[in-house]
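Biologist: Please take a close look at the salt bridges in this model, one pair at a time, and then set them against the helices and strands of the rest of the chain. I would like to know where each partner sits and how far it is buried or exposed.

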Amino acid sequence: MLYIKIHQLSERKFKITQIAKELKISRPTIYKYLGMTYEEVKQLLEDPHRKAKKLDPYRDWIIAWLEEYPHLSAAQIRDWLLERYPDMEVGESTVRSYVRELREIYQIEKKNIVRQYEAVPEQPMGKQLQVDWGETKQKTRDKKEVRLYFIAFVFAHSRLKYMEWQDRPFTTRDAIRCHENAFQYYGGRTEEIVYDQDHLITVSENAGQLLLTTEFQSYVNERKFKIHLCRKADPESKGMIENVVKYIKGNFADSRIFSNIDDWNKRALQWLERTGNYHVHQTTKKRPAEVFLVEKQHLKPVSSLLSFESNHKQSITRNVGKDNTVRFKSNRYSVPLGTYNSATDNQVYIRIKTGKRQTLEIRKQPDGEIIAEHLISLEKGRLIQNRNHTRDRSKGIEEFKEHLISKFKDQEQGCIYLNEICLKYARYRRDQLAIIQRVIREDSVWIDDALTQCLKKKLYSANDFRDMVQYCKNLKVSPVKAKMNDSNGHKRAKNMMVRTRSLEAYTTILGGAAK
């Protein structure tokens, strides 16, 4: 039937492209059948020695699926086959060409499910603003590639646009700052702002119950505008801003060379005045800038920039990690030891200082004292650490050791002994000293004797010292005190009167009788 239809259209003077479009088949297939006679085609299809194809054993399955569900893609067909035959090994391109061939032979046209739209009435002036985010890759002057991020705004009535760029991903605070800049650019705000369900502003939308991020909710409460969130996987519901994002990517950003972010934002504003807001809009047939002159009168006035956004030097918030570092552009930058505190908020503010080399300034407050400053590394995965931010471990050990030495009567011998232990167990100095500290706290009476014996026997270990203290303790008295007791005992013995008893007393005790 395919052969016949091709020849019928050819006899009606249809061109090859027209035949391919009419029958939804490829041009090579048309050329092949036009160059063959009916008998040759019949013989080809009936030839038992025709080269078998890998998917021929599943041919009936595939045809049945295509006839029942004409909209199925080759990727879906492959997934269904793998679901029924898990051990099958077949490539995507093989399935794609096989399905395409079956569609041509059996004239199964792929029917795309088309979503129906209705025209949306024009929004009143000052009613709605739509917002969305995007990103691009731009070439630099030295032929490298950088990723840039932007936020776009558009008025639903006048189509007046605004955008702002960053060379890093947006945070919620960045989004708030850009909103404030947009309100200043427009000279007011709308009653309602439309967003996608972006993680920067929303946590969830449960059947209309909006749950915004804490920071953005506070901002909405202060600015008092209404929020409309689009449903998930439904970008068409905010088609205006979607088109603006495409327009920015395809017109302003396309093939433009990036030098630095400040210059890029300056050129973006110039493009808005020159092109984005000046050219006649294809739907309204009016210039957005001219329509906005009337719409501006319907905007809600806004006060001056919020206090924490009034600083024109952009501050970025970051959280301090447990290792007292801050992550920025795939690197870790150190902050002073003790900045991290599990019981408090560990948020800090970082700011990029431009110059011959870009510098990263870290503060606890947006306008507070700089607690750390680092040159920004162009590499990735590095730890950039200031030596002043690390722990002075030697100082702590020395203080610990001096404290223990003071517990010995002979501090000179104690110093020699502890120095030898710290030298022998350099990696475990603190552990060794901790054991000695525990021994001193529990059995301080015996430590001087144990020190003498350990030095004499060259036992330089905290465990040996502990065992020696226990050995001296087991002797009941220390050798020093035993000597003192002996000398005093001899003196007392000279003046001691010994009481004697008669023999009768002992026999009475033993129960015997006197003779």
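Modeller: What follows starts with the whole chain, goes through the salt bridges, and ends with the helices and strands.

The model is a predicted one, and its secondary structure comes to 19 helices and 14 strands. Of the 515 residues in the protein, 38% are buried. Where residues at least 6 apart in sequence are in contact, 60% of those contacts join residues at least 24 apart.

Against that background, the structure holds 17 salt bridges, and three of the pairs can be followed in detail. In one of them, the side chain of lysine 53 meets that of glutamate 101, with 2.4 Å from N to O. Lysine 53 belongs to the loop between α4 (38–46) and α5 (59–68), whereas glutamate 101 belongs to helix α7 (residues 92–106), so this salt bridge ties together parts that are 48 residues apart in sequence. Neither partner is buried under the cut-off of 20% relative accessible area: lysine 53 counts as partly exposed because its relative accessibility is 36%, and glutamate 101 is also partly exposed, with a relative accessible area of 24%.

A second pair brings us to helix α8. The side chains of arginine 177 and glutamate 164 form a salt bridge at 3.8 Å, N to O. Since arginine 177 lies in helix α8 (residues 172–186) and glutamate 164 in strand β3 (residues 161–166), the pair ties together a helix and a strand, parts that are 13 residues apart in sequence. Arginine 177, at 6% relative accessibility, counts as buried, and glutamate 164, at 6% relative accessibility, likewise counts as buried. This pair also has a wider setting, for Glu164 and Arg177 are linked with Arg168 and Asp174 in a network of salt bridges.

Helix α8 takes part in another salt bridge as well. Here the side chain of glutamate 180 meets that of arginine 223, at 2.5 Å from N to O. The two residues link distant parts of the chain, with glutamate 180 in helix α8 and arginine 223 in helix α9 (residues 214–223), 43 residues apart. Glutamate 180 has a relative accessibility of 0% and so counts as buried, while arginine 223, with a relative accessible area of 8%, is buried too.

From the salt bridges we can turn to the strands. Strand β4 (residues 192–195) pairs with β7 in the parallel sense, over four bridges, and among the partners across this pairing are isoleucine 193 and, in β7, isoleucine 227. The side chains of β7 (residues 226–229) alternate along the strand, in that Ile227 and Leu229 point to one face and are buried, while Lys226 and His228 point to the other face and are not. Isoleucine 227 therefore belongs to the buried face of its strand under the cut-off of 20%.

Further along the chain, three strands form an open sheet of mixed pairing, in the order β9-β10-β14. Its edge strands, each pairing on one side only, are β9 (325–328) and β14 (383–384). Strand β10 (residues 331–334) runs parallel to β14 and is joined to it by two bridges, with arginine 332 standing opposite leucine 383 in β14.

The helices complete the picture. In helix α1 (residues 2–11), the buried residues are Leu2, Tyr3, Ile6, His7 and Leu9. Viewed down the axis of α1, these buried residues fall within an arc of 160 degrees, so they line one face of the helix. After α1 comes lysine 13, which has a positive phi, near 70 degrees.

A comparable description applies to helix α3 (residues 27–34), where Thr29, Ile30 and Tyr33 are buried. Down the axis of α3, the buried residues keep within an arc of 100 degrees, so they too line one face of their helix. Pro28 and Tyr31, on the other side of α3, are exposed. An α-helix has 3.6 residues a turn, so residues three or four places apart point the same way.

Lastly, the axes of helix α14 (residues 411–424) and helix α15 (residues 429–442) come within 8 Å and cross at roughly 140 degrees, in a crossing that is right-handed. Leu418, Ile421 and Cys422 of α14 make the contact with Arg429, Gln432, Leu433 and Ile436 of α15.

Methods
Residues numbered from 1 in each chain as written. Predicted model: local features only at pLDDT ≥ 70, side-chain atom pairs only at ≥ 80, totals over all residues. Heavy atoms only, no water. Buried < 20%, exposed > 50% of the residue type's maximum accessible area, 1.4 Å probe, protein only. Arc of directions from axis to C-beta. Pairing = 2+ DSSP bridges. Salt bridge = Lys/Arg side-chain N within 4 Å of Asp/Glu carboxyl O. Axes fitted to C-alpha atoms, helices over the stretch in contact; angles between N-to-C directions. Left-handed = near helix turned anticlockwise from the far one by under 90°. Contact = heavy atoms within 4.5 Å.
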